[in-house]
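Reader: I have a structure to look at and want to understand its empty spaces. Can you take me through them?

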Amino acid sequence: MSSKFSKIGFILAVAGSAVGLGNAWKFPTLVGQSGGSAFILLYIILTLGVGFVIFLAELSIGKISEKDPVNAYKKLAPKYKKAWSFVGFTMIGSILIVSFYALVIGWVVKYAYLSVIGQLPNSLELSKIEFENLTAHDFLSQFVCFTLVFFVIFYIVSKGIKNGIERLNVWMMPSLFILLILMLIYAMSKDGFVLALKFLFIPDFHKINISNTLEALGLAFFSLSLGVGTIITYSASLPDRTNFITSTLNIIFINLLAGLLMGLVVFTFIFEFGYDPNQQGPGFVFVSLATLFEKLGLVGHIFGAAFFISLVFAGITSAVSMIEPSAFYLINTFKMSRKKALVLIGIFVYILGILCILSSLDTTQFKILGMSFFELLDSFSSKIIMPLGGILIAIFVGFVIKRETLEILFKPYMRGIFFKIWYIFVRFISPLAVFVVLITKLIGFYIKF
Ligand code: PHE
């Protein structure tokens, strides 16, 4: 990534990175498991109070340095350059993420295929069993779908992401939203819709606790692609004179909207088909929507195929943005060819991905700290690396980069009181909030043992 994005290209690429399976798969799953509305409230507060603030901080590092994550810290830190450059290695988090993320895209590919051949399950009960069969017993399907997705992702990154991604996003993002809105309109005609509205939007404060808060924080980071080098890398190609404040607000709005629309649709049909949302495991989106599409007959199959295919693309534009930081780093630092860098990263991702599949199979029962390898990578990246990355980004921007440098960058788009408020948040409030959540959870963890 050396040349610049076009202005709209930047928003599309970052929105493409943000909107993905975090909104479609993680969001409904966590909302169901963590108490519905209380979780959503936390998620929205943390997205605005922490996500937005740290997003701008990460963007500043990328834009001012115009480097990959490791070299960005090295370039901008006036002293302790080496120590700071280690913070850039939080980008390894995005490599860990892409290993299980590509597998989840693989599941979506399988569901797209089932829609095309008209073999989706026709009751929620069956749908649940089928999803469990796929993830716990079916090595072959997962292996084939994961491998396919893996090669597509690496092929796109090998072509240099700018052109490919810009063109892909121009079409895919609007189609996904149009499909979601049509589904929402249909959902509104169902009794389950009111139940879903209540479940998602009438806050139940009893359900707020430290675990939920950490989950919501992790999701806010995950769904905005924060703390693992992606935003630094994309902002390194941010064209000059782009109003990055409105761009960021747009991206955050699109991202929140995608999650909320998805949640409304998924939970309408969970209620409509008579299920208790608290009892479902992961895979709400597959279980609920697959059943819906099957019940709608041929129209449902066509719609389902279109929906799952756009979800595959939404996932791919996110996955690509996880690989680019490390590729950019290897190319810059070791003067490697893009191809060689990608082969190296690819080997690592492929092995981790296969381990993820194996560790979730019933037959292997391979667990670390009571979690499958998949769950471990997921938890470790979104509940530790990302928040930690966020704290360090905030400290770096708040205390290491000079205030004047930031003022020059922000001046055309945000000044006066707004800049001051952001600056206070980035120095104190946001990192402290993340720190308190992490520490409280950690202490709770030790007390439990
Ligand atoms: N934001 C993406 C999603 O919600 C996931 C992601 C995480 C992308 C980290 C890049 C880096 O699906």
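Author: Start with the classes. Ala, Val, Leu, Ile, Met, Phe, Trp, Tyr, Cys and Pro count as nonpolar, Asp, Glu, Lys and Arg as charged, and the others, Gly among them, as polar. Keep in mind that this is a predicted model.

Reader: How do the residues lining the second largest pocket divide by class?

Author: The lining is Met91, Ile92, Ile95, Ser326, Tyr329, Leu330, Ile345 and Phe348. Ser is not on the nonpolar or charged list, so Ser326 counts as polar. The division is seven nonpolar, one polar and no charged.

Reader: Which helix gives the largest share of that pocket's lining?

Author: The second largest pocket has a volume of about 160 Å³. Helix H6 (92–116), helix H15 (297–334) and helix H16 (338–360) each supply at least two of its lining residues. The largest share, three residues, comes from H15.

Reader: Now the cavities. How many of 30 Å³ or more are there?

Author: A cavity is a space where a 1.4 Å probe fits but cannot get out. The search covers the whole structure, and the number of cavities of 30 Å³ or more is four.

Reader: What takes up the space of the largest cavity?

Author: This cavity has a volume of about 110 Å³. Its lining has 14 residues, and Ser17, Phe222, Ser225, Ser318 and Met322 lie nearest its centre. The space is taken by the ligand.

Reader: Which backbone contact to a nitrogen atom of the ligand is at 2.8 Å?

Author: Three backbone contacts can be compared. A backbone N or O atom of serine 17 lies 3.1 Å from a ligand nitrogen, and one of serine 223 lies 3.3 Å from a ligand nitrogen. The 2.8 Å contact is from phenylalanine 222.

Reader: How much of the ligand's accessible area does the protein cover?

Author: On its own, the ligand has 320 Å² of accessible area. 16 residues surround the ligand, the closest being Ala18, Gly22, Tyr101, Phe222 and Ser225. By class, the shell has seven nonpolar, nine polar and no charged residues. The protein covers 100% of that area.

Reader: Which helix gives the largest share of the second largest cavity's lining?

Author: This cavity has a volume of about 50 Å³. Among its lining residues are Asn169, Met172, Met173 and Leu176. Helix H9 (161–188) and H15 each supply at least two residues. The largest share, four residues, comes from H9.

Conventions
Residues are numbered from 1 along each chain as its sequence is written. This is a predicted model: local features need pLDDT of at least 70, side-chain atom pairs count only at pLDDT 80 or more; totals for chains, interfaces and linings use all residues. Side-chain values use heavy atoms; hydrogens and water are left out. On a 1 Å grid over the protein atoms alone, a cavity is a set of points where a 1.4 Å probe fits but cannot get out, and a pocket is an open set with protein on both sides within 12 Å along at least five of seven lines; lining residues have an atom within 4 Å of a point. Grid points are joined across faces, edges and corners, and a volume is the space filled by probe spheres set on the points. A residue is near a molecule or strand if one of its heavy atoms lies within 4 Å of it. A polar contact is a pair of N or O atoms within 3.5 Å; within protein, one must be able to donate a hydrogen and the other to accept it, and residues adjacent in sequence count only if both atoms are side-chain atoms. Accessible areas come from the Shrake-Rupley method with a 1.4 Å probe; for residues, only the protein chains shown count as cover. A molecule sits in a cavity or pocket if more than half of its atoms lie within 2 Å of its grid points.
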